[in-house]
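Trainee: I have the sequence and the structure open side by side, and I would like to look closely at a single part rather than skim the whole. Could you take me through one strand and its surroundings, step by step?

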Amino acid sequence: MNWITNYVRPKIRALVNRSDIPDNLWEKCPACGQMIFHRELEASLRVCPSCGHHMRIAAKRRLELLFDDGSYSLIELPETIVDPLRFRDRERYSERLRRSRSATGHQDALMVAHGTIGGEKAVVAAFNFSFMGGSMGIAVGEGLLAAAKLAVAQEAALIAVPASGGARMQEGILSLMQMPRTTIAVDMVKEKGLPYVVLLTDPTTGGVTASFAMLGDIHIAEPGSVIGFAGARVIEETIRETLPEGFQRAEYLLEHGMVDMVVPRTELAETLGRILRLLARRHPEAEVVPLRPGGEEKKAEAPAPAASAKGEARAPKPAEAAAEGSGEGTGKAEAEQDAKAKPKTAAPAKGEAERGPAE
Ligand SMILES: [Zn+2]
């Protein structure tokens, strides 16, 4: 019997099942109906080659696309309480969670990673829409807070990539509390003067839109993404009016000032890198040319922002220098330069003079 179970049965199974062939070799574009071969779709970053429709992509793929050379380090997100309300609708929330976890291989709907984008340090918090519609519960709120703390610790930019239906209703009020929490998380990053960029993807709706997703220094959106608070149908029923064409789409929001730019997926990483480099540049790039060879050191120091803070301590120095200069200055050119230099140094020198008699 042994050889039948060990040898014959697997052989027959292999003949009958042939389970190694995936059943979804072709995917239908939801916009134009075109059937696209899976390899072609993967090569085009899940953008339809015939109509340009941007299909949803998993958080993991998103991170690969954004970070330089597709390399990044994931961070472990804090453990949170599971099913605090012991919620149950058609099935238990804990059961739903378990199923989503085994289907996606993720703990919850958020992934946080750090690395570089366009050479700049960045922390990316990306949503996984396939995990319960990317809904924001305690775990997601906690994850965004962890991402913000990491960005502050690393002095890196924070980039949020929402793809979410909103708050996770199975966690009730606790999920709504994540709105102020994520807002505070964003504030932590902004207080440190670090860039916070939101990359709005399809769909960004509900409580996510009403909190951290609309607080970016810069809002980038993928073409055709649905971005809004309440759904179009709900709004239509409430106001009893027909909504305009393309309502709540990225292009419509760009036209109305809610979004700064709409960028195709293929150009996202490059655009993001450029923005981060621009935002991170704290000093002017132009070279500061000294007025005369002797004054090189002083002039080079002057434009640095640190100089204004230390201005008082340094004040006597320029004053002395100006006095020396006028003593030596016999040439006309030098006298002119002194005249230019004096207005700058005059203020601190005068301050010293005024203080002198008072003391
Ligand atoms: Zn298409």
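Mentor: What follows starts from strand β7 and works outward to its partners, the helices and a few unusual backbone sites. Please keep in mind that this is a predicted model, with 15 helices and nine strands in its secondary structure.

Strand β7 runs over residues 196–200, and five of its five residues are buried, so the strand is largely enclosed by the rest of the structure. Residues count as buried here when 20 or more other C-beta atoms lie within 10 Å of their own. For comparison, 31% of the 359 residues of the protein count as buried. In a regular strand the side chains alternate between the two faces of the sheet. In β7, Y196, V198 and L200 point one way, while V197 and L199 point the other way, and all of them are buried.

The strand belongs to an open sheet of seven strands, whose order is β3-β4-β5-β6-β7-β8-β9 and whose pairing is mixed. At the edges of this sheet lie β3 (73–74) and β9 (261–262), each of which pairs on one side only. Around β7 itself the pairing is parallel on both sides: β6 joins β7 in the parallel sense over three bridges, and β7 joins strand β8, residues 218–221, in the parallel sense over four bridges. Within these pairings, I159 stands opposite V197 of β7, and L200 stands opposite A221 of β8. One step further along, strand β5 (residues 120–127) and strand β6 (residues 157–161) are also paired in the parallel sense, over five bridges, and there V123 has L158 of β6 as its bridge partner.

If you follow the chain out of β7, you enter the loop between β7 and α8 (206–209), where P203 is found. A cis peptide bond joins D202 to P203, with omega at about -15°. Most residues other than glycine have a negative phi, and most peptide bonds are trans.

With that in mind, two arginines also deserve a look, although they sit in other loops. R46, with phi near 60°, has a positive value in a residue other than glycine, and its place is the loop between α2 (38–43) and α3 (59–66). R46 is partly exposed, because 18 other C-beta atoms lie within 10 Å. R240 likewise has a positive phi, of about 50°, although it is not a glycine, and it lies in the loop between α9 (232–239) and α10 (250–255). R240 is exposed, because 6 other C-beta atoms lie within 10 Å.

Among the helices, α5 (residues 138–154) and α7 (residues 178–191) have axes that come within 8 Å and cross at roughly 5°. The two helices are therefore roughly parallel to each other. Their contact is made by residues including L144, L145 and A148 of α5 and A185, V186 and M188 of α7, and by class it has eleven nonpolar, three polar and one charged residues.

Helix α4 (residues 93–104), for its part, has twelve residues and reaches 16 Å from its first C-alpha to its last, close to the 16 Å expected at 1.5 Å a residue. G105 follows α4 and has a positive phi, near 80°.

Definitions and conventions: Residues numbered from 1 in each chain as written. Predicted model: local features only at pLDDT ≥ 70, side-chain atom pairs only at ≥ 80, totals over all residues. Pairing = 2+ DSSP bridges. Expected span 1.5 Å × (residues − 1). Axes fitted to C-alpha atoms, helices over the stretch in contact; angles between N-to-C directions. Parallel < 35°, antiparallel > 145°, perpendicular 65-115°, else oblique. Contact = placed C-beta atoms within 7 Å. Nonpolar A, V, L, I, M, F, W, Y, C, P; charged D, E, K, R; others polar. Buried ≥ 20, exposed ≤ 12 C-beta atoms within 10 Å, placed from the backbone.
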